[in-house]
Amino acid sequence: MKKNYLLSKWLNNDLTASELADFKTDPDFENYEKIKKYSAELKVADFDEDAVLKNIISHKKTEPKVIPLYKNWMFKVASIVLIALSITIVVQNFRTQSQLALNGKRTTFSLPDDSEVVLNAGSEIEFRKWNWSHNRKLELQGEAYFKVAKGKKFEVVTHLGKVTVLGTQFNVKARNNRFDITCYEGRVKINYKNLETIITPGKRVTFENGKQINSTLNTTKPEWLENQVSFEHENLRNILEEVQRQYNITIIVKDKLPNELFTGKLPTDNLDVAIKIIATTYHLEPNRITANKIILE
């Protein structure tokens, strides 16, 4: 504080002789002298009060930019919505997609490459949209008809085996221990356990309990698309399960199931006719308990 006081008096030439002598002993005195010398040489232009006033008056005032609170709130909401939408798109593309046909229903849908799939009653398919063009694979439980768009390899994986095709139309059915594959167009390669088989249009191959059955047909698409279900050398248990899926009903057989295999067609749009064919073939008596429950004796 004392030093500042002496510096102020020195700048105003108010120091006494003794104070001046004492002040000159300060280590910074030489720097103070230089500052005093150079500041004395500075010239300041005359202050024009009128000019400054006119400049202030003529200067256009700009209104401060005010962002209402509700706009800030809207920006935040929009950001949240955008983030949520982005997350939804990512999840939908990376997660497993599932298509289901309940008992008594069918489901038709398109895959990412526009291939068409029809799911028969009581069936389900799972696949991933992500990287579909390089990994065209899906998992099937039940039965489905495929009309594949032309392109790269297409695979259908079931619990019994794998079907590989290239731009074709085919039907795959994997129920219990029976694996049926039918080709309507193009070529189909089947991998069943350690066997590899290729079939062409109009051919069907069936695998059941380690046995392979080859057959020929003259249809251009599955019968079940035209409200009929076709069986070839199938046991009664499989037939009844299929009827229950198609009509969403329950069928009970009180006696032991006959061993005879069935080859033929049953309607999927007339339950009474379907039950009558089964009852006549296996010498059974149908008893309809309720609208959705039938007993065969």
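This short talk describes the cavities, the main pocket, one helix and three single residues of a structure.

Good morning. Please note at the outset that the structure is a predicted model.

I begin with empty space inside the protein. Rolling a probe the size of a water molecule over the atoms shows where empty space is left. How many cavities of 30 Å³ or more does the structure hold? There are three. The largest cavity contains about 210 Å³ of space. Its lining is made up of 18 residues, and those closest to the centre are Glu 143, Asn 171, Lys 173, Arg 204 and Ser 230. Four strands each contribute at least two residues to this lining: S8 (169-175), S9 (178-185), S12 (203-208) and S14 (228-234). Among the elements, S14 gives the most, with six residues. Sorted by class, the lining of the largest cavity comprises eight charged, five polar and five nonpolar residues.

The second largest cavity has a volume of about 40 Å³. Around this second cavity we find Lys 173, Arg 175, Asn 176, Arg 178, Phe 231, Glu 234, Asn 238, Glu 241, Glu 242 and Arg 245. Two or more of the lining residues come from each of S8, S14 and H6. Which element gives the most to the lining of the second largest cavity? That element is H6, with four residues. By class, seven residues of this lining are charged, two are polar and one is nonpolar. Lys 173 deserves a second look on your screens, since this residue is listed in the lining of the second largest cavity and is also among the residues closest to the centre of the largest cavity.

This brings me to helix H6 itself. H6 covers residues 236-247, which is 12 residues in total. From its first C-alpha to its last, H6 reaches 16 Å, close to the 16 Å expected at 1.5 Å a residue. Is the helix largely enclosed or largely open to the outside? Of the 12 residues of H6, 10 are buried, so the helix is largely enclosed by the rest of the structure. The buried residues include Leu 236, Ile 239, Leu 240, Val 243 and Tyr 247. Charged side chains are represented as well, for Glu 242 and Arg 245 are in the buried set, and both of these residues also line the second largest cavity. At the start of H6, a side-chain oxygen of Asn 235 comes to within 3.2 Å of the backbone nitrogen of Arg 237. After the helix comes Asn 248, which has a positive phi, near 55 degrees.

Let us now turn to the open space. The largest pocket has a volume of about 190 Å³. Its lining consists of Thr 96, Glu 126, Phe 127, Arg 128, Trp 130, Trp 132, Asn 135, Lys 137, Leu 138 and Glu 139. Strands S4 (123-128) and S5 (137-147) each provide at least two of these residues. Four lining residues of the pocket are nonpolar, four are charged and two are polar.

Finally, I should like to present three single residues. The first subject is Ser 115, in the loop between S2 and strand S3 (116-119). Is Ser 115 buried or exposed? Its relative accessibility is 1%, below the 20% limit, and therefore Ser 115 counts as buried. The side chain of Ser 115 makes a polar contact of 2.9 Å with the side chain of Asp 113. A polar atom of the Ser 115 side chain also lies 2.9 Å from the backbone nitrogen of Ala 149. Beyond its neighbours within four places in sequence, Ser 115 is in contact with Phe 109, Ser 110, Lys 147, Val 148, Ala 149 and Phe 154.

The next subject is Thr 164, in strand S7 (residues 162-165). With a relative accessibility of 9%, Thr 164 is likewise counted as buried. Its contacts, neighbours within four places aside, include Lys 153, Phe 154, Arg 187 and Asn 191. Phe 154 is thus a contact of Thr 164 and of Ser 115.

The last subject is Thr 108, which belongs to strand S2 (residues 107-110). Thr 108 is exposed, because its relative accessible area is 54%, and the limit for that term is over 50%. Setting aside neighbours within four places in sequence, Thr 108 touches Glu 116, Val 117 and Val 118. The C-alpha atoms of Thr 108 and Asn 120 are 9.1 Å apart, and the two residues are separated by 12 places along the chain.

Thank you for your attention.

Notes:
Residues are numbered from 1 along each chain as its sequence is written. This is a predicted model: local features need pLDDT of at least 70, side-chain atom pairs count only at pLDDT 80 or more; totals for chains, interfaces and linings use all residues. Side-chain values use heavy atoms; hydrogens and water are left out. On a 1 Å grid over the protein atoms alone, a cavity is a set of points where a 1.4 Å probe fits but cannot get out, and a pocket is an open set with protein on both sides within 12 Å along at least five of seven lines; lining residues have an atom within 4 Å of a point. Grid points are joined across faces, edges and corners, and a volume is the space filled by probe spheres set on the points. Ala, Val, Leu, Ile, Met, Phe, Trp, Tyr, Cys and Pro count as nonpolar, Asp, Glu, Lys and Arg as charged, and the others, Gly among them, as polar. Buried means under 20% relative accessible area, exposed over 50%, partly exposed in between (1.4 Å probe, protein chains only). Contact means heavy atoms within 4.5 Å. The expected span of a helix is 1.5 Å times one less than its number of residues. A polar contact is a pair of N or O atoms within 3.5 Å; within protein, one must be able to donate a hydrogen and the other to accept it, and residues adjacent in sequence count only if both atoms are side-chain atoms.
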